[in-house]
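Thanks for coming. I'll talk for a few minutes about one structure, and you can follow along on the screen.

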Amino acid sequence: MQRRDFIKNTALGSLFISEIATAKTVVQPEITGLGKVEKFHLDAANSLKTTAPFKFYPNRKAEMYRQLIQMKEQYGIGRFLFVGPLEEVRFKGFPKKEVYEEIGEHVKNAIADLAKHDIKIGWWCAPSLRSGFDKRFQYITDLGGAVSDTSPCPYDPIFNEEFSDNIATVVRIAKPYMIQFEDDYELSHQPPAVKFGCFCPLHLEEFSKREGRSYTREELKEIFEESNAESIRLRRSWARLSKDSLIHLAKKIRQKVDSVAPETVISLCQSGSADFDGDFTNELTAAFAGNTTPTVRLYGSSYSSDSPHGLPGDIFHALHSIQHIPKEYECFHESDTYPHTRFFMSAAKIKSLMLTAFSYGFDQSLFYVTQYLDNPLEDKGYAEMYRREIPRILAIKEAVKNAEVVGCEMIHLPSSHVVVPYKGSRPELGLNSWITSLGRFGIPYTSRDGSAKLLAGRAVESMDDAQIKTLLSGGLLLDGVAAESLQKMGYGQYLGVDIVPFKESVQSCYEGLRHPEQYHNIVGDLQYNWIFAPAGTEGGSFYRLETRGTVEVVTDFLDEHEKPVLPSMVRFVNSLGGRIVISAFDLRGNQSSTTLNYKKKEIVRQNIEWAAGTSLPAFVKNKPNVFCVCNQDKQTKDLILTLINLSSDPTEELELDVAQGTKARAVELMDALGIWKPIAFQQRGRTLQLPLSLVLMRPDLVKIKF
């Protein structure tokens, strides 16, 4: 079936053009001054706990207070964390107790002076482990032997005692409502020296006790340079030790704080090493919490980048974390604009990340809205954006509170790094490479309880037999690397093909469907395959798929005469009942026109549905680069879609497919005040035609009622 033009006749076209104009007016009104809209926003802001880091300059106290009050009264942000002592400690070494006493006094005075403005002041302990040099301490040691000169080992008893005393000193003086620990509270990212830690004598001694035999750092290095059953076992054990050492110090800190002010919340900043250092997020958050509400900031931003295409990957780990964290935890999104100026990240980008996070079910935002300079609000763009978005944030939180993120399932395995041999840097796998494609294809996904599952790379090697058999018994899409890993592990019989690394010179310049009559909404026969002539993002690698039995070839690599050379995608129903789809490509870093094109968008969508045996709940048809988050209300089964255009080209209309057999009774668009307003739509089969203009990184919220 050919792709239909959206507007087919003048009457329908006129109706939708009118609706587009209305939608633009309702969703993005012009706001000037502090009118009725702003007053509504600021009143509503009191029900949010948006918290902002803030560098307080005591020599500019009056100006600091003025801007804090301005952020509360003009922008609706009334919770702040004074950041200190900051990285300057490396100039003078590990801070003396007096430094923390000064921090405590500044926080204490600000709490008292600003209370009448309904402003709350806490403390951001930054740095935490990266606290500077002191010759008395044991410092974190890399597997390669390099030793940090700023980050003490959490097992060091002298550091352990003094650092926890320093934390308690601030609490004793100031009684801050919350302490936020910096995301340097980790072992395996202590630049520049440490990329895999800590292999100091203290850690080695504890590891030897646990293993019942002695290991030297050099011996472990040699073992970890290989990937085999024993190295994987020891890597798991080492990751557990890493987590336990961080928990050891956290419990000491909690104990000291409890002796002074047990009501003080201590929040963890989840670091980028959280998975690698033992998947520590849940347990470390609990250790810091004590008897308070477990509180954690989950990472999910992009530093010094305004790239829209990377947005789905930027925030995926946050989705996985919040879907695998206890429900009683309070979760803040890392709404980090680093280095906190729109020269690097636009307000539109951070807005897109924040609204996605709230669509994922986040409770709050830790919003880096100011610069750490003497004029924190020099760039007011982030604050202005936030003020406008307060009603929509509240409305999103309300809309998804009884909903769950649905779609196909993007598999993420936090312990998958154990299969990667050490080669001098942190040995880990990146995110699931399917994220790049699906995030730009408009295919909604979740990280748990999805329909068909998607897996790329070597992560599967970290799974046990029962987990793999379960995986192979359902709908599953694999890239070539994942399929090869399964074959090497002895599961080739369930794949229907032999996977062979392709090292020859490729004689293909196209890719095409073997049975185009089985697919719809695809026009033309050919897709690019520029592997033979790499330039820009073109290029990549793939595997030879040698088919066996009843395997169905989906697509072929084609030569210059459009003749099949090799299968490029296959699908197979195995003896376990699993529906397996295999792409020949190694998807790692592959952002070529072979993996990102209109035909591949439909081929992947339709094969996800084939593997799942059921329809996706939603799908953005035809348009490139529209990121789609799909929530489904658990009771009404209505859909709440968060749609973000990752392209500079706005859409003038939108086509959405819904699940087969469902009929929409109403479609609503959230306006600038967070109010759902009905919009016109037409439904033909599964396809809803909507008069919706999506603009670059301006999230729109659509509710589909059935």
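I'll go through a helix pair, then the sheets, and a few single residues on the way. Keep in mind that this is a predicted model.

Let's start with the helices. Two packed helices are described by the angle between their axes and the distance between the axes. Our pair is helix α7, residues 201-211, and helix α9, residues 229-258. They pack at an angle of about 125°, and their axes are 11 Å apart. An angle of that size makes α7 oblique to α9. As for handedness, the crossing of α7 and α9 is right-handed.

Which residues make the contact? From α7 they are H203, L204, E206, F207, R210 and E211. From α9 they are R233, L234, S237, W238, R240, L241, D244 and S245. By type, the contact of α7 with α9 has 5 nonpolar, 3 polar and 6 charged residues.

If you look at the numbering in those lists, there is a general point about helices to remember. An α-helix has 3.6 residues a turn, so residues three or four places apart point the same way.

Take one residue from this contact, S237, which sits in helix α9. Is S237 buried or exposed? Its relative accessibility is 16%, and the cut-off for buried is under 20%, so S237 counts as buried. Leaving out residues up to four places away in sequence, S237 touches F207 and E211. Both F207 and E211 belong to the α7 part of the contact.

Now the strands, beginning with an early pair. Strand β1, residues 51-54, and β2 run parallel and are joined by 4 bridges. Within that pairing, T51 stands opposite R79 of β2. Strand β2 covers residues 79-85, and 7 of its 7 residues are buried, so β2 is largely enclosed by the rest of the structure.

Next is a sheet of 9 strands. It is open, its pairing is mixed, and the order is β13-β12-β14-β15-β22-β21-β20-β17-β18. The edge strands are β13, at 445-446, and β18, at 527-528, and each of them pairs on one side only. At the β18 end, strand β17, residues 510-513, pairs with β18 in the antiparallel sense over 2 bridges. There, E511 has Q527 in β18 as its bridge partner.

A helix also packs on this sheet: α14. It touches β12, β13, β14, β15 and β22, and its direction makes about 140° with that of β12. How many residues of α14 are buried? In this helix, residues 434-441, the count is 7 of 8, so to speak mostly covered. The buried ones are W434, I435, S437, L438, G439, R440 and F441. Just after α14 comes G442, with a positive phi of about 75°.

Staying with the 9-strand sheet, look at V553, which lies in strand β20, residues 552-558. V553 has a relative accessible area of 9% and is buried. What does V553 touch, not counting residues up to four places away in sequence? Its contacts are R514, H515, T547, P567, M569 and V570. By contrast, take V553 and K637, which are 84 residues apart along the chain. Their C-alpha atoms are separated by 36 Å.

There is also an open sheet of 4 strands, in the order β23-β26-β30-β29, with antiparallel pairing. At its edges stand β23, 618-620, and β29, 682-684, each with a single partner strand, so one side of each is left without a neighbour in the sheet. From one strand to the next, the twist averages 25°. The partner of β29 is strand β30, residues 687-690, and the two pair in the antiparallel sense over 3 bridges. One bridge to find on the screen is Q683 with L688 in β30.

Last, strand β31, residues 700-705. Here 5 of the 6 residues are buried, so β31 is largely enclosed by the rest of the structure. Strand β25, residues 639-645, pairs with β31 in the antiparallel sense over 5 bridges. I640 has K703 as its bridge partner in β31. Strand β27, residues 666-670, also runs antiparallel to β31, joined by 4 bridges. In that pairing V667 stands opposite I704 of β31.

That is what I had to show.

Note on methods: Residues numbered from 1 in each chain as written. Predicted model: local features only at pLDDT ≥ 70, side-chain atom pairs only at ≥ 80, totals over all residues. Heavy atoms only, no water. Axes fitted to C-alpha atoms, helices over the stretch in contact; angles between N-to-C directions. Parallel < 35°, antiparallel > 145°, perpendicular 65-115°, else oblique. Left-handed = near helix turned anticlockwise from the far one by under 90°. Contact = heavy atoms within 4.5 Å. Nonpolar A, V, L, I, M, F, W, Y, C, P; charged D, E, K, R; others polar. Buried < 20%, exposed > 50% of the residue type's maximum accessible area, 1.4 Å probe, protein only. Pairing = 2+ DSSP bridges.
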